[in-house]
Amino acid sequence: MASSHHPPSHRTHVPFPSNSGGKPLDNEAPMVPIHIVTNASQLPVEFLNPSPERPLVVGFDCEGVDLCRHGTLCIMQLAFPDAIYLVDAIEGGEALIKACKPALESSYIKKVIHDCKRDSEALYFQFGIKLHNVMDTQIAYSLIEEQEGRTRLLYDYISFVSLLADPRYCGISYQEKEEVRLLLRQDPKFWTYRPLSELMVRAATDDVRFLLYIYHMMMEKLNQRSLWYLAVRGALYCRCFCINDNNYADWPSVPPIPDHLEGNAPEEEILSILDVPPGKMGRIIGRKGASILSIKESCNAEILVGGAKGPPDKVFIIGPVKQVRKAEAMLRGRMVDLY
């Protein structure tokens, strides 16, 4: 599968559970090449041309400047079992990213990602790509916690660094992430510089090289009900910040409740978007998010706001229909109080 016109100058370890008895130790995991891709011909054919005969699971992430609708997507990382591809959007331009559109929208290629919302938003508004068929490890983590009877704090979505550190998944310290975060604060254009430095290559690679390992560990734990929630929430989170005028009519449909869950059918989950009067979002959120948290405590629904990156003056609610309607009513009641 690994292919490139130039011999790779970088290599890394990509662990699999079967490689090391469940421990992703670098020295036991196979060493694979890292390809810096500036032309679509350097990518695997089976990725560029998705097929039901060759379904794929790939680790996926994006890096950029202020990654959202208005920012700049600079690198798209793809982790395969036998190679890592750093797809260079700066050097390869729009043509390179658009060559990946069939794969990113395909039902035959599962994209394993940690927190898909802003990546999906950047792909949609910058390249017209509707990210589809994701396995979001942040959502999966919460579902496994619920499944195993642990109560998740309402505001506590696990970070990628914390997920890697969790001994049930990787048990690996990821200190370089903090190093890169510090550099990004000092220079937000960090990911735009070319040629890619050793640190840039390592940081971009580290964000995806453990994802296939984590995917396999999580899939062993998830029951059928959780797998359905994972697929639905992944689809809704991909749409979340990608507001368009046709109410997502051109997006792939959200997975229906499967027949084998009919006897104990979960409630349909939806995404609802509420408009907030301009300048009133602070009042809706409350000090340190207290108002939103109090609504979350009353409703089994996720409530997100566009924030500084946008979309501004909008609240996004994801969850079971009845809980979403309840959250909507509470938020509308709060808006009425603003006048």
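Biologist: What gives the most to the lining of the largest pocket?

Modeller: Happy to start there, with the note that this is a predicted model: local features need pLDDT of at least 70 and side-chain atom pairs pLDDT 80 or more, while totals for chains, interfaces and linings use all residues. Residues are numbered from 1 along each chain, and side-chain values use heavy atoms, without hydrogens or water. Helix H4 (117-127), helix H7 (175-186), helix H12 (290-298) and strand E9 (302-305) each supply at least two lining residues, as does strand E3 (56-65) (helices, H or I, are DSSP runs of at least four residues, strands, E, of at least two, numbered from the N terminus). With six residues, the top contributor to this lining is E3.

Biologist: What volume does the largest pocket have?

Modeller: On a 1 Å grid over the protein atoms alone, a pocket is an open set of points with protein on both sides within 12 Å along at least five of seven lines, a cavity is a set where a 1.4 Å probe fits but cannot get out, and lining residues have an atom within 4 Å of a point. Points join across faces, edges and corners, and probe spheres set on them fill the volume. For the largest pocket, that gives about 1,200 Å³.

Biologist: Which residues lining the largest pocket are the closest to its centre?

Modeller: The lining draws at least three residues from each of domain 1 (10-238) and domain 2 (267-335). There are 42 lining residues in total, and the closest to the centre are Asp115, Arg118, Gln138, Arg181 and Lys309.

Biologist: How far apart do the C-alpha centres of domain 1 and domain 2 lie?

Modeller: The chain is assigned two domains, covering 10-238 and 267-335, with bounds from an automatic or database assignment. Their C-alpha centres are separated by 28 Å.

Biologist: How much space lies in the largest cavity?

Modeller: The count comes to one cavity of 30 Å³ or more. Its lining is made by Leu131, His132, Asn133, Ala235, Arg239, Trp251, Pro252 and Ser253. The space inside is about 50 Å³.

Biologist: What phi does asparagine 133 have?

Modeller: Asn133 is one of the residues lining the largest cavity. Along the chain, it sits in the loop between H4 and strand E7 (134-136). Although asparagine 133 is not a glycine, its phi is positive, at about 60°.

Biologist: Which strands stand at the edges of the three-stranded sheet, and why is one side of each left without a neighbour?

Modeller: The sheet is open and antiparallel, with the order E8-E10-E9. Two strands count as paired if DSSP finds at least two bridges between them. Each edge strand has a single partner, so one of its sides has no neighbour in the sheet; these strands are E8 (269-275) and E9.

Biologist: Which residue in E10 stands opposite valine 305?

Modeller: Strand E10 covers residues 314-320 and pairs with E9 in the antiparallel sense over four bridges. Facing valine 305 from E10 is valine 315.

Biologist: Where is the place of proline 311?

Modeller: The peptide bond leading into proline 311 from glycine 310 is cis, with omega near -5°. The residue's place is in the loop between E9 and E10.

Biologist: Which residues does the cis peptide bond with omega of about 0° join?

Modeller: Look in the loop between H7 and helix H8 (198-206), where one partner, proline 195, lies. The bond joins arginine 194 and proline 195.
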